Amino acid sequence: MSCLRAVWLAAALTSCAMREITPPPGREQVVVQSVLNARATVQVLWIERTVPAGDPVTFGVRPLTEPPARAEVREEGGGVYSFRADTANPARFLAGFTPLPGRRYDLLVEAEGAVVRATTVVPPAVTILAPAADTVDHPRQSPLQVTWASGTSRQVAVYLTLDTTDVSSYVFPQWVRDDTTAILPGFAFAPVPPSTRLLWVVAADPVTARVFDPARRPLGPGGEPTLDGNVTGGVGVFGAVTSDRLLVRLQ
Amino acid sequence: MSRRIVLAVGALGVGVATLEAQVPVRGRVLAAENDQPLAGASVYALGARRGAETDRHGRFVLWLGTLPDTLVARFIGRMPDTVVLDSVPGEVTLVLTPSAVPLAGVLVEADPRRPADAPPATWSLPAEAVAAVPSAVEPDVFRGLALSPAVAYPTPFSSQPFVRGTDPGAVGYRLDGFTLINPFHLGRIFSALMPQAIQSVTLALAPFGEEFGDATSGIVDARMREGSDEVRGGGQASLVSLASWAGGPLGRHRWFLGGRHGFLEHLGGPFGEVPYRFNDLYARLALAPGGAAPVHLTAFWSGDRAFHRETGEGVGWYNALLGLRVPLQLGAGGQVELWGETSRFSEDVVGLDIRGATDIANRFSTSAAGARLQWVRPRGSVSLGGEVRHRRMRNRVTGGDRAAPGARSDGMVTALTAGLHHRAGPASARVGLRLDADGVVHAWQPRIRLGLDLGRGWALGVAAGRTARLYHVIAEVLPGVEDVASVYDLWRPAGRAGTPLPRSDHALVEIRAGRPGLAFRAGVFAGNLRGVGEIRPAAPDTAGSFFRFGRGRVWGADLELSATGARRSVGLAYVLSWSRRRWDRDAAPAIPWRHDRRHQARAFVTWFTGRGWRFNLLADLASAEPITPAFGTMELAGLHPGEGSLNRRAPASPTMVLGPENSARGGWTGHVDVGVRKEIGGPGRSVGHLGVSILNLSLAPVAPAVPGFSEEGPLRVVYRPRFFLPPVPTVTFDLEF
């Protein structure tokens, strides 16, 4: 019976020894997020900090404790554009330039001891082919088919927003891969008022599509959503989009 | 140089002179209880001090110079048999009875064959030994492979083995030497091979013999039972299945039939809407036309089916195998083996939430015909082999947001092999060469194995060589699913569409010692893996294609010690190993493989307490597997088409920020499995066994960790067990008549 007792003791010790799992310590990192917009004259860069693993997750922006020493974008064969802090939001930085389709841009951020780098290439210009007019009248309850040309871009997001200025409303795009046609269902036009909508066709570079298309967002080893960005020295995403839009007047 | 030539010619002359004075003695080695041939038994001529090993038909050829002589046949777990030869007989038959010595799996190293001839890194496990390993859900041959320290499993739930730091898909499965494509049930928690239908199973690690292909790390070859000279059979009931088997003579021929049926589909509860069924069928015929060596026919079928009655969603698959093997004599020392096989695997997944709502239609079929010629000479043998094979594989994965790319391949494959075995004094050398080729890619695979008797029961074995396979078997890996159950494989033909040829170079050295009641083995191994592949995990800085390919290195050392007494048997094993990978490019940093466990210790105990009671215990402890740590969380900005592109107006769900892949370690894993068997009846009567076993007696959620969000209290990143391993009970009752 001494043998049996030894076995039980070994089993009990094994259980106790492995019940505790010591996690690796969390690490605060610099987060940069920027998607260059070939349609905009002012580009936006968000610079924040991560919530270290183990700390309670807080929501909202987490600006740096000190302003970045450098935050700039270098255009391939062109100028260097520095980002300056937005007085309205300490995590938001702005630079005045318009990126060009097909052009490469390199991001450099030096902040909190980290040197963050990333590169993107602005996708080719996208053009809505059908409907051909810039403004169309459309029955409120009918689906709308839109066709576009986007060069070599394989990933396109199709948005329907309320108007030209209000971007605060949360809208879910319809992501289209390897196709140049999308059909917006009639129910998307149903709410009233207003009676006008803006239909956006946004061609995205691969990293932007990978990060912002929920269906392609990777899951971590525990099944949690993770970031599959393109930034070295920190975390985040540095992408680019081109877009075209169409005004829809609902009948 | 000229002196060497003179010496070589002189040695050849001596060899020829010796050859002329010798005669071949042929024979078979059979199991006493059922007259089945024993493959891998050793036959030793005491006078000539010369030995041979039986082939898969139990046959052997020994060249003897003088008579009389005494032949001794030995096999692990059996009493030796001796026969005195006064003159050259027609055919010698040696019959080995099961030994009263309890079998611990590690005891296989104590096989007292001519030590130099024993191939290194090879374990031959009789069915009694694998059946003694406590099972999970069902008695399982593959779970019994834990008796080899080279074998590990992705999780304690899994019975799919991987060997020495290489991918599970790198192992090839055989039944009677024929191809088995995917012999598993129910997420690979247990295999389709039940011990009652198996005579023995051999695990041969790379570089295995040149006759084996279609695997890069190891071969698991199970031998099905044969019928005996009288009708015998049995039945078994477990918590989830009923099984029966029978075998016997039919004139000069022998037959064996077996079957297992999982009856969960007939139960209500959760199985009412999604009836799960599994079935196995085993058949083997040994046809002995006119006293010639028997022709063997092997048939196997297994199938699983679990589809929702109303929605039709679910999964189903089947394996089918038909193989024929014809051994022939060719002159004094020649043997020819003709064989043919056809093996199929089919799998359908409908609407399961694997990569979104995914539909999968996987088909793999292969048919082959081949021949192997062998000339046995006093000091060795020469063999030549060839096979022509048609292989067809289809992966069709559709639907879902993360559907995998499909594969489609048809074509002929040719394999040629040549082998030379030579003995000189205490040394033994086997040199082999294998060529696999299809219309696009080919692989030369030289292999060499050396053995040296060191005296007093000690032997040294050295092996080196290359293994390759003309296609990849890549297991799907999904968070939260594949941690527990493995659902399906993806096949990729090599040498096409950027898919490299998987090939591995292996080297190993081992030293063995065997004495009555005590066995010891220690070895070191290293492997250089090229063209390894896996599904690209969702981790930072891993953008790109669905699969990734690269290189790997494995190295380590292992140690086995077993002691056997009249009632107790104890085996201990320890493995120290490293397994690393470089993905996508040669200059990429080497990272730990996902199952890279630095330390693994295992103990197996068998204890006969008398009156038919037998206790078995398997304890397994492994150091932490690599994990990809979480540095923290961030909020992803919203992508908006308006001016500015990104906005942070609305709080977003936290997104995990992972650290470098596999750069941290989770928790140690371990489990203690126990089994108790009570034997009823005895020799000359029907024998019954009541068995109860529990997988993981320790009752603790022991598992490696993965980062996740807390489910209680404030939201934060925590590390939680990758899976929970509850105690899994298994109850079986079998009766053999």
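This report walks through a predicted model of two protein chains, A and B, from overall figures down to single residues.

## The two chains at a glance

A good place to begin is with the overall scores. The model has an ipTM of 0.88 and a pTM of 0.82. For chain B, the mean pLDDT is 83, and 88% of the residues reach at least 70. The table sets out some figures for each chain.

| Chain | Helices and strands | Residues and share buried |
|---|---|---|
| Chain A | 2 helices, 17 strands | 251 residues, 39% buried |
| Chain B | 3 helices, 49 strands | 737 residues, 51% buried |

Contacts can also be sorted by how far apart the partners are in sequence. In chain A, 68% of the contacts with a separation of 6 or more come from residues 24 or more positions apart. In chain B, 61% of the contacts between residues at least 6 apart join residues at least 24 apart.

## A sheet in chain A

Chain A offers an open sheet of 4 strands to look at, in the order S5-S4-S8-S9, and its pairing is antiparallel. Strand S5 (80-82) and strand S9 (114-121) of chain A are at the edges with a single partner strand each, so one side of each has no neighbour in the sheet. On average, neighbouring strands here are turned by 20 degrees against each other, with direction ignored.

Let us follow the pair at one end of that order. Strand S8 (residues 104-111) of chain A is joined to S9(A) by 8 bridges, and the two run antiparallel. Two of the facing positions can be picked out: Glu110(A) is opposite Val115(A) in S9(A), and Leu108(A) is opposite Arg117(A) in S9(A). S8(A) and S9(A) form a hairpin with 2 residues between the strands, and Glu112(A) has a positive phi near 50 degrees there.

## A mixed sheet in chain B

Chain B has an open sheet of 3 strands, ordered S4-S1-S7, with mixed pairing. Its edge strands are strand S4 (59-64) and strand S7 (92-96) of chain B, and each of them pairs on one side only. From one strand to the next, the twist averages 30 degrees. Strand S1 (residues 23-31) of chain B pairs with S7(B) in the parallel sense, over 5 bridges. Within this pair, Arg28(B) is found opposite Thr93(B) in S7(B).

## Strand S27 and its two hairpins

Further along chain B, strand S27 (residues 427-437) has a partner on either end of its sequence. Strand S26 (residues 407-424) of chain B is linked to S27(B) by 11 bridges, and the two run antiparallel. Ala424(B) has Ala427(B) in S27(B) as its bridge partner. The hairpin that S26(B) and S27(B) make has 2 residues between the strands, and in its turn Gly425(B) shows a positive phi of about 60 degrees.

S27(B) also pairs with strand S28 (residues 442-455) of chain B, again in the antiparallel sense, over 11 bridges. A hairpin through 4 residues connects S27(B) to S28(B). Val431(B) faces Ile448(B) in S28(B) across this pair.

Which side chains of S27(B) are buried? The side chains alternate along the strand: Ser428(B), Arg430(B), Gly432(B), Arg434(B) and Asp436(B) point to one face and are buried. Those pointing to the other face, among them Val431(B) and Leu433(B), are not buried.

## A loop residue in chain B

Is Ser686(B) buried or exposed? With 12 other C-beta atoms within 10 Å, Ser686(B) is exposed. Ser686(B) sits in the loop between strand S45 (669-681) and strand S46 (687-695) of chain B. Beyond its neighbours within four places in sequence, Ser686(B) is in contact with Gly681(B), Leu735(B), Glu736(B) and Phe737(B). Glu736(B) is 50 residues away from Ser686(B) in sequence, yet their C-alpha atoms are 5.6 Å apart in space.

## Where to read with care

Two stretches of chain B deserve some caution. Over residues 100-112 of chain B the pLDDT stays under 50, and the model has 54 contacts beyond four places in sequence for them. Residues 539-543 of chain B also have a pLDDT below 50, with 12 contacts in the model beyond near neighbours in sequence. Where pLDDT is low, the detail of the predicted coordinates should not be relied on.

Technical notes: Residues are numbered from 1 along each chain as its sequence is written. Chains are lettered from A and ligands numbered from 1 in the order in which they are written. This is a predicted model: local features need pLDDT of at least 70, side-chain atom pairs count only at pLDDT 80 or more; totals for chains, interfaces and linings use all residues. Two strands pair if DSSP finds at least two bridges between them. Axes are lines fitted to C-alpha atoms, for helices over the stretch in contact, and angles run from 0 to 180 degrees between N-to-C directions. A residue is buried if 20 or more other C-beta atoms lie within 10 Å of its own, exposed if 12 or fewer, and partly exposed in between; C-beta atoms are placed from the backbone. Two residues are in contact if their C-beta atoms, placed from the backbone, lie within 7 Å. pLDDT is the predictor's confidence in each residue, from 0 to 100.
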